Amino acid sequence: MKRIHVAAAVIRGSDGRILIARRADSQHQGGLWEFPGGKVEAGEAVEIALARELHEELGIVVTQARPLIKVCHDYVDKQVLLDVWEVDGFTGEPHGAEGQPLAWVTARELPQYDFPEANRPIVAAARLPADYLITPGELEAPQLLRGIQKAIAGGIKLVQLRAPNGYDPKYRDVAVDAVGLCAGKAQLMLKGPLEWLGDFPSAGWHLTAEQLRKYAPKGRPFPKERWLAASCHNAEELALAEQMGVDFVTLSPVQATATHPEAVPLGWEQVSAMIEGFNRPVYVLGGVGPADRERAWQAGAQGVAGIRAFWPEA
């Protein structure tokens, strides 16, 4: 069975809302919502296909787009490769040129709509920012919390409260305060034993590679309404993350770092190859920062994760 190459778009309006369309009942996966787009013809560049489809379907002309995520999915009756681009520049007023209903929704509202199964990673990618801040490990609580507050004020939307010294009671105390700081402004990802999950219902959980190896065979430890991430360093860990149904991962180290001098860097070429077959958003980590965002996107990543690169008091 030949895999059908589809170009799709996460279209953002000037207010940040995302445009989705409802599939006709007569179509494959009819009645479900989707991200607009269509088939890439043989020998056609993806950007050209995307621009053509969006013009035909919505009457808009794309002026700015970048790669977001690629998803391979096998249905019983067909195999698809969804080549998804973020479109945040266009002219014209989008309308259902083929009679399809449209809706502008916030990123937060996306999970309330029914999408085909293949779209689940796209929904996650559309909701996640390009930058993932990981807090430094060696700070005292007041300094840590002050830095988180500053980072959020500076536009950071995704924060991992790092737990470098195992999981002690002090971490839990800081986590309680961090939950308060992030409420309604940023998504907080915590680390620690899964026994703590019930104590922090609004926080997502970022698993260590050790936890991933231990728990992946048991599947996802909580419902899909809550963010689940994992630290990965090789193809085996990426496979475990997919098996577990995580929402996103960090992949590291891309380049040599001062914090982990013993770790062998993957390099951009290998990172790109590893992301190619992985159907989840990936943040590249290790020796990267905001200046590498563009390169990360071209490698297929959601964006960049970092400690010093994003810490406001570094």
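Partly exposed here means a relative accessible area between the buried range, under 20%, and the exposed range, over 50%. Arg 3 counts as partly exposed because its relative accessibility is 30%. Keep those cut-offs handy for the legends below, and remember that this is a predicted model.

**View 1. Two domains make up the protein chain.** The domain assignment gives domain 1 as residues 3-127 and domain 2 as residues 131-310. Their centres, taken over C-alpha atoms, are 27 Å apart. The two do touch: twelve residues of domain 1 are in contact with 15 residues of domain 2.

**View 2. Eight strands close into a barrel.** Follow the strands around and you go 8-9-10-11-12-13-14-15, with parallel pairing. From one strand to the next, the twist averages 25 degrees. As general background, the strands of a sheet pair through backbone hydrogen bonds, and that pairing can be parallel or antiparallel.

**View 3. Here is one piece of the barrel wall, where strand 12 meets strand 13.** Strand 12 covers residues 228-232 and strand 13 covers residues 248-251; they run parallel and are joined by four bridges. To get your bearings, find Ala 229, which stands opposite Phe 248 in strand 13. Helix 6 (residues 235-244) lies across both of these strands and across strand 11 (204-207) too. The helix runs at about 165 degrees to strand 12.

**View 4. Glu 242 on helix 6 reaches over to Arg 280.** The two form a salt bridge, with the closest N and O atoms 3.9 Å apart. Arg 280 sits in the loop between helix 7 (267-276) and strand 14 (282-285), so this pair links parts of the chain that are 38 residues apart. Which of the two partners is buried, and which is partly exposed? Glu 242 is partly exposed, at 27% relative accessibility, whereas Arg 280 is buried, with a relative accessible area of 18%. The 20% cut-off falls between those two values, which is why they get separate labels.

**View 5. Asp 74 pairs up with Arg 3.** This is another salt bridge, and its closest N and O atoms are 2.9 Å apart. Asp 74 belongs to strand 5 (residues 61-74) and Arg 3 to strand 1 (residues 3-12), so the pair ties together parts that lie 71 residues apart in sequence. Asp 74 is partly exposed, with a relative accessible area of 46%, and Arg 3 is partly exposed at 30%.

**View 6. Asp 15 and Arg 17 form a salt bridge too.** Their closest N and O atoms are 2.8 Å apart. Arg 17 is partly exposed, with a relative accessible area of 33%. How many salt bridges does a search of the whole structure find? It turns up 14.

**View 7. Phe 35 is one of the residues in a UniProt "binding site" feature.** The record, an unreviewed entry, places that feature at Arg 23, His 28, Glu 34, Phe 35, Pro 36, Gly 37 and Asn 119. Phe 35 lies in the loop between strand 3 (33-34) and strand 4 (37-39). Is Phe 35 buried or exposed? Phe 35 is buried, since its relative accessible area is 4%. Beyond its sequence neighbours up to four places away, Phe 35 touches residues including Ala 8, Val 10, Ile 18, Leu 110, Phe 115 and Ile 122. Asn 119, another position in that record, is also among the residues Phe 35 touches.

**View 8. Gly 37 turns up again in a second "binding site" feature, together with Glu 57.** This one also comes from UniProt, as an unreviewed entry. The pair spans 21 residues in sequence, yet their C-alpha atoms are no more than 7.7 Å apart, so they gather at one spot. Gly 37 is found in strand 4, and Glu 57 lies in helix 1. Gly 37 is buried, with a relative accessible area of 14%, and so is Glu 57, at 6%. Contacts of Glu 57 include Gly 37, Gly 38, His 95, Gly 96 and Gln 100.

**View 9. Glu 53 is another helix 1 residue that meets Gly 37.** Helix 1 covers residues 46-58. Glu 53 is buried, with a relative accessible area of 11%. Leaving aside neighbours within four places in sequence, Glu 53 is in contact with Gly 37, Gly 38, Lys 39 and Leu 58. Seen from the Gly 37 side, the contacts are Ala 7, Ala 8, Glu 53, Leu 54 and Glu 57, again without neighbours within four places.

Terms used. Residues numbered from 1 in each chain as written. Predicted model: local features only at pLDDT ≥ 70, side-chain atom pairs only at ≥ 80, totals over all residues. Heavy atoms only, no water. Pairing = 2+ DSSP bridges. Helix = DSSP H or I, 4+ residues; strand = E, 2+ residues; numbered from the N terminus. Axes fitted to C-alpha atoms, helices over the stretch in contact; angles between N-to-C directions. Contact = heavy atoms within 4.5 Å. UniProt positions renumbered as here; feature names shortened; annotations may be inferred. Buried < 20%, exposed > 50% of the residue type's maximum accessible area, 1.4 Å probe, protein only. Salt bridge = Lys/Arg side-chain N within 4 Å of Asp/Glu carboxyl O. Domains from an automatic or database assignment.
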